[in-house]
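Welcome to a short set of exercises on helix packing, charged pairs and burial. Have the viewer open and try each task before you read its solution.

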Amino acid sequence: YFEAARLFRISAEQGHVGAQVSHGMCFRDGKGEPQNHAAAVRLFRWAAKKGHARAQVNLGVCFDRGLGVPQDHDEAVRLYRLAA
């Protein structure tokens, strides 16, 4: 997982939206990166703002569960609908 996280980070820093989501998942799950929900949210937001549906769903889950952000079910539903 460490090599994958390293490559996702490089690609994410270059603006690759899919890599931003994948790197966020590394932080969220603690695979290849130390678990850090705030870092995951930051990466999911970048990709979600670019219209990436999986990022919108992952960000919605963070709001739904209060991972790295205050729990906000309304925001979670908004993001889920945006991704649909």
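The exercises below work through this predicted model, each with a solution in steps.

**Exercise 1. Find how the axes of helix α4 and helix α5 are related: are they roughly parallel or antiparallel?**

Step 1. Locate the two elements: α4 covers residues 53-65 and α5 covers residues 73-83.

Step 2. Take the geometry of the pair. Their axes come within 8 Å and cross at roughly 165 degrees.

Step 3. Apply the cut-off. Angles over 145 degrees count as roughly antiparallel, so α4 is roughly antiparallel to α5.

Step 4. Add the handedness: α4 passes α5 in a left-handed crossing.

**Exercise 2. List the residues through which α4 and α5 meet, and sort them by character.**

Step 1. On the α4 side, select Ala-53, Gln-56, Val-57, Leu-59, Gly-60, Val-61, Phe-63 and Asp-64.

Step 2. On the α5 side, select His-73, Glu-75, Ala-76, Leu-79, Tyr-80, Leu-82 and Ala-83.

Step 3. Sort them. The residues of this contact between α4 and α5 divide into 10 nonpolar, three polar and two charged.

**Exercise 3. Describe the packing of helix α2 and α4 in the terms of the first exercise.**

Step 1. Helix α2 spans residues 17-29, and its axis lies 9 Å from that of α4.

Step 2. The two helices pack at an angle of about 25 degrees. Angles under 35 degrees count as roughly parallel, so α2 and α4 are roughly parallel to each other.

Step 3. Here too the handedness can be read off: α2 passes α4 in a left-handed crossing.

Step 4. Now pick out the contact. From α2 come Gly-18, Val-21, Ser-22, Met-25 and Arg-28, and from α4 come Arg-54, Ala-55 and Asn-58.

Step 5. The residues of the contact of α2 with α4 divide into three nonpolar, three polar and two charged.

**Exercise 4. How many salt bridges does the count come to? Work through three of them, giving the exposure of partners where you can.**

Step 1. The count comes to four salt bridges, with a side-chain nitrogen of Lys or Arg within 4 Å of a carboxyl oxygen of Asp or Glu as the criterion.

Step 2. Begin in helix α1 (residues 2-13), where Glu-13 and Arg-9 lie four residues apart, about one turn of the helix. Their side chains meet in a salt bridge at 3.7 Å, N to O. Glu-13 is exposed at 60% relative accessible area, while Arg-9, at 33%, counts as partly exposed.

Step 3. Go on to Arg-28, one of the α2 residues in the contact with α4. The side chain of Arg-28 forms a salt bridge with Asp-29 at 2.8 Å, N to O. Arg-28 counts as buried at 17% relative accessibility, whereas Asp-29 is partly exposed at 37%.

Step 4. Finish in α5, where Glu-75 and Arg-78 are three residues apart, about one turn of the helix. Their side chains meet in a salt bridge at 2.8 Å, N to O. Arg-78 counts as partly exposed, with 44% relative accessibility.

**Exercise 5. Is Val-61 buried or exposed?**

Step 1. Place the residue: Val-61 is in helix α4, and is among the α4 residues that meet α5.

Step 2. Read its relative accessible area, which is 19%. Buried means under 20%, so Val-61 is buried.

Step 3. For a final distance check, compare Val-61 with Ala-39, 22 residues apart along the chain: their C-alpha atoms are separated by 14 Å.

Key: Residues numbered from 1 in each chain as written. Predicted model: local features only at pLDDT ≥ 70, side-chain atom pairs only at ≥ 80, totals over all residues. Heavy atoms only, no water. Axes fitted to C-alpha atoms, helices over the stretch in contact; angles between N-to-C directions. Parallel < 35°, antiparallel > 145°, perpendicular 65-115°, else oblique. Left-handed = near helix turned anticlockwise from the far one by under 90°. Contact = heavy atoms within 4.5 Å. Nonpolar A, V, L, I, M, F, W, Y, C, P; charged D, E, K, R; others polar. Buried < 20%, exposed > 50% of the residue type's maximum accessible area, 1.4 Å probe, protein only.
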